[in-house]
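Open the model in your viewer and keep the selection tool at hand. The tour moves from one stop to the next.

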Amino acid sequence: TMIDDYIYSENYDFNLDKSKSVAFTGHREVKQDFNQSKFKVFLQELINKGYQNFYVGMAVGFDTICFKTLQRLKSKNDIKIIACIPCMEQDKKYTYLQKQEYQKMVKCANQKVIISKTYTPYCMQQRNMFMVDNSSLLVSYMYKNSGGTANTVNYAKRCGIKVINVSDIA
């Protein structure tokens, strides 16, 4: 992936080892029975296997759970969280509390990539493709075969990237 393809990056290292990198995709709506403590154990196992770089799309829902869980694991593990932001105003339609949470997460990210200065109909998809293109594993939270999550999973499969669906972590 060329730096010219992306409008803006803040301290993003374009030489991160793809074989040690994980991307996340998931629905905004996370079901009540999603077990966050089992998910934390799952992420620690990935870290134990040598994964170090974690690409998070910064959306509400599954992305937020991923970011916050990785943040907790970061105190005991040498990992990088890369905030992959589709456009400058990603949080424009978030609630007040979601905006506050989002701003905190952006500040805590080790690295940031912003795909587009302004919102476009395809900036989310470009962000998802960027994350997949720079990873060797996609962790998905998918319980319906439609929308951005399904598109990202299908894209990863076409690219030969391993996909693990954690929607059944119960």
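**Stop 1: a charge over a ring.** Select K31 and Y143. The charged end of K31 sits over the ring of Y143, 4.2 Å from the ring centre. Keep in mind that this is a predicted model. Is Y143 buried or partly exposed? With a relative accessibility of 29%, Y143 counts as partly exposed.

**Stop 2: the rings around Y143.** Keep Y143 and add F24, F34, F39, F42, F54, F62 and Y141. Ring pairs link these residues and Y143 into a cluster. Across the structure there are eleven aromatic pairs.

Now select Y55 and F130, another aromatic pair. Their geometry is edge-to-face, with 6.1 Å from centre to centre and 75° between the planes. Why does this pair tie together parts that are far along the chain, 75 residues apart in sequence? Because Y55 lies in strand β3 and F130 in helix α4, residues 123-133. Both Y55 and F130 are buried.

Go back to Y141 and Y143. They too form an edge-to-face pair, 5.4 Å centre to centre, with 75° between the planes. Y141 has a relative accessible area of 1%, under the 20% limit, so Y141 counts as buried. Its partner Y143 is partly exposed, at 29%.

**Stop 3: the whole chain.** Zoom out and switch to cartoon. You should find five helices and seven strands. From the N terminus, the order is β-β-α-β-α-β-α-β-α-β-α-β. Along the principal axes, the C-alpha atoms fill a box of roughly 40 × 35 × 35 Å. How does the radius of gyration compare with that of a compact globule? For 170 residues a compact globule would be near 15 Å, and the protein has 15 Å, so the two agree.

Look at contacts next. Among those between residues at least 6 apart in sequence, 82% join residues at least 24 apart. Then turn on the surface. About 9100 Å² is exposed, and carbon and sulfur atoms supply 49% of it. Of the 170 residues, 47% count as buried.

**Stop 4: the cores.** Hide the surface. In soluble globular proteins, nonpolar side chains tend to be buried together. Here the largest nonpolar core has 34 residues. Select F24, F39, M58, F62, V139 and V166, the residues with the most contacts inside this core. Then colour the elements that give two or more residues to the core: β2 (21-26), α1 (36-48), β3, α2, β4 (80-87), α3 (96-108) and β6 (137-141). Which element gives the largest share? It is α2, with six residues.

There is a second, separate core of 18 residues. To locate this second core, select I115, V132, M142 and V153, which are among its members.

**Stop 5: M58.** Return to the largest core and centre on M58, one of the residues with the most contacts there. M58 is found in the loop between β3 (53-56) and α2 (62-74). What is its phi? The value is near 70°, which is positive in a residue other than glycine. M58 has 0% relative accessibility, so M58 counts as buried.

Show its neighbours to finish. Leaving out residues up to four places away in sequence, M58 touches D63, F67, A83, C84, I85, Q90, Y94, Y102, M105 and V106.

How values were computed: Residues are numbered from 1 along each chain as its sequence is written. This is a predicted model: local features need pLDDT of at least 70, side-chain atom pairs count only at pLDDT 80 or more; totals for chains, interfaces and linings use all residues. Side-chain values use heavy atoms; hydrogens and water are left out. Helices (H or I, at least four residues) and strands (E, at least two) are DSSP runs, numbered from the N terminus. Buried means under 20% relative accessible area, exposed over 50%, partly exposed in between (1.4 Å probe, protein chains only). Rings of Phe, Tyr and Trp (its six-membered ring) pair if their centres lie within 6.5 Å; planes under 30 degrees apart count as stacked, over 60 as edge-to-face and the rest as tilted. A charge sits over a ring if NZ of Lys or CZ of Arg is within 6 Å of the ring centre and within 35 degrees of the ring normal. The radius of gyration is taken over C-alpha atoms; the globule rule is 2.2 Å times the number of residues to the power 0.38. Contact means heavy atoms within 4.5 Å. Accessible areas come from the Shrake-Rupley method with a 1.4 Å probe; for residues, only the protein chains shown count as cover. A nonpolar core is a set of buried Ala, Val, Leu, Ile, Met, Phe, Trp, Tyr and Cys residues joined through side-chain atoms within 4.5 Å.
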